[in-house]
Amino acid sequence: MASIQQVVLSSRPGKDGEPMAENFRLDEGSLAAELEEGQVKVRTMYLSVDPYMRCRMNEDTGAGYLTPWQISKVVDGGGIGVVVESRHKSFCKRDFVTSFNWPWQSQAIVDGKILEKVDPRLVDGHLSYFLGVVGMPGVTSLIGVREKGHVTPGASQTMVVSGAAGACGSLAGQIGRLEGCSRVVGICGSEEKCRMLVLDMGFDAAINYKVDNVGEQLREFCPDGIDVYFDNVGGEISNAVISQMNKHSHVVLCGQISQYNKDVPYPPPLPSSIEAILKERHITRERFMVLNYIDQYEASIKQMSQWLNEGKLKVMSTASLTLSSLAAAFQSMMKGGNMGKQIILVSEH
């Protein structure tokens, strides 16, 4: 049997606890020598680290579509790899494949049903992009803006994005511009991120919530109010944004990372004063789940790939090397330590 490395869930942080590197453990494992019919042996190349995984650390994820990770079991998530051996009719040796349920281990034997073949030409050979710009974050950003943002070209709309330097936020702002917003403002947590959003990603302005007065900065950068808010964080930042939104504006409720370490329902309840603003100004704020738009997934992937290859989208990512860095990378991502998509490079081509 071949020896492999694997990451297992060692302990739970608790519903109100911050995730710690010690919640994960790197173990040695092994693979069966022979494949059964329908199975595929894969070598892991890239793994995805995402905020929603915090919910999977709890015994109850709070969401019917998310299963909890089990103590002392290998954790899983989005991944990319290459086929080493196959007994599934759809896959051959050296095919590049992806899955939303990829085991966090160096090699794995999986049911071919969970795999999907990917074409490196769609991403000019950057296979990790299938976990970001041409994957779930990219599709989430595009469908979120189109379905819930109601951007109208030529209408001089202002978009604000919180968590703007993250995997979805950095893309959502660029998509807002491509769809027709005349002004895009990002909110993030460092001066370096602010510079990158403005200089590299084409945002008109960026606010560092850790040092700036968000409300004052929004009044300066959004003199005509806010028409579209792509919300990745929730909490006080979102309250400040909603307070300055125009009548008949729209909140794209993508994520609430500031609330994930708290035992509250999703989406978390708003203060009564903010609820009153939503009602008085007829602001839409509907829960957005990309899983409800699976029929648009393929077309969205093509659109993101097209923009990427035309140079209309800039991509940023934070890569950590080796499986042993995964726990620390997860902890860092939950505290905003990443710029763009957080990935783990497990092995090269």
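Is D95 buried or exposed? D95 is buried, because its relative accessible area of 15% falls under the 20% cut-off. The legends below take up this residue, then other parts of the predicted model.

**View 1. D95 sits in a loop between two strands.** The strand before the loop is β4, residues 76-86. The strand after it is β5, residues 96-103. Set aside the neighbours within four places in sequence, and D95 is in contact with G81, V82, V83, S90 and K117. Among these partners, G81, V82 and V83 carry numbers that fall within β4 (76-86). The relative accessible area of D95 is 15%.

**View 2. L323 lies in the loop between β14 and α9.** Strand β14 covers residues 317-321, and helix α9 covers 326-334. L323 has 3% relative accessibility, so this residue counts as buried. Residues up to four places away in sequence are left out of its contact list. The list includes Q5, Q6 and V7. L26 and L47 also touch L323. So do W104, Q105 and S106. I344 and V346 complete the set.

**View 3. L323 and G169 form a pair separated in both sequence and space.** The two residues are 154 apart in sequence. Their C-alpha atoms are 26 Å apart.

**View 4. Residues 6-118 carry a UniProt domain annotation.** The record, an unreviewed entry, names the feature "domain: Oxidoreductase N-terminal". Over this stretch the chain is 43% strand and 4% helix. The end C-alpha atoms of the stretch are 24 Å apart.

**View 5. The whole chain gives the setting for the close-ups, with 9 helices and 15 strands.** The radius of gyration is 21 Å, close to the 20 Å from the globule rule for 349 residues, so the chain is as compact as a globular protein of that length. Along the principal axes, the C-alpha atoms fill a box of roughly 65 × 45 × 35 Å. Of the 349 residues, 56% count as buried. Take the contacts between residues at least 6 apart in sequence: 68% of them join residues at least 24 apart.

**View 6. The surface and charges of the chain are summarised here.** The accessible surface comes to about 15700 Å². Carbon and sulfur atoms account for 48% of that area. The chain holds 34 positive and 39 negative charges. The mean positions of the two sets are 2 Å apart.

Technical notes
Residues are numbered from 1 along each chain as its sequence is written. This is a predicted model: local features need pLDDT of at least 70, side-chain atom pairs count only at pLDDT 80 or more; totals for chains, interfaces and linings use all residues. Side-chain values use heavy atoms; hydrogens and water are left out. The radius of gyration is taken over C-alpha atoms; the globule rule is 2.2 Å times the number of residues to the power 0.38. Buried means under 20% relative accessible area, exposed over 50%, partly exposed in between (1.4 Å probe, protein chains only). Contact means heavy atoms within 4.5 Å. Accessible areas come from the Shrake-Rupley method with a 1.4 Å probe; for residues, only the protein chains shown count as cover. Lys and Arg count as positive and Asp and Glu as negative; His and the chain ends are not counted. The place of a charge is taken as NZ of Lys, CZ of Arg, CG of Asp or CD of Glu. UniProt positions are given in the numbering used here, feature names are shortened, and annotations may be inferred rather than shown by experiment.
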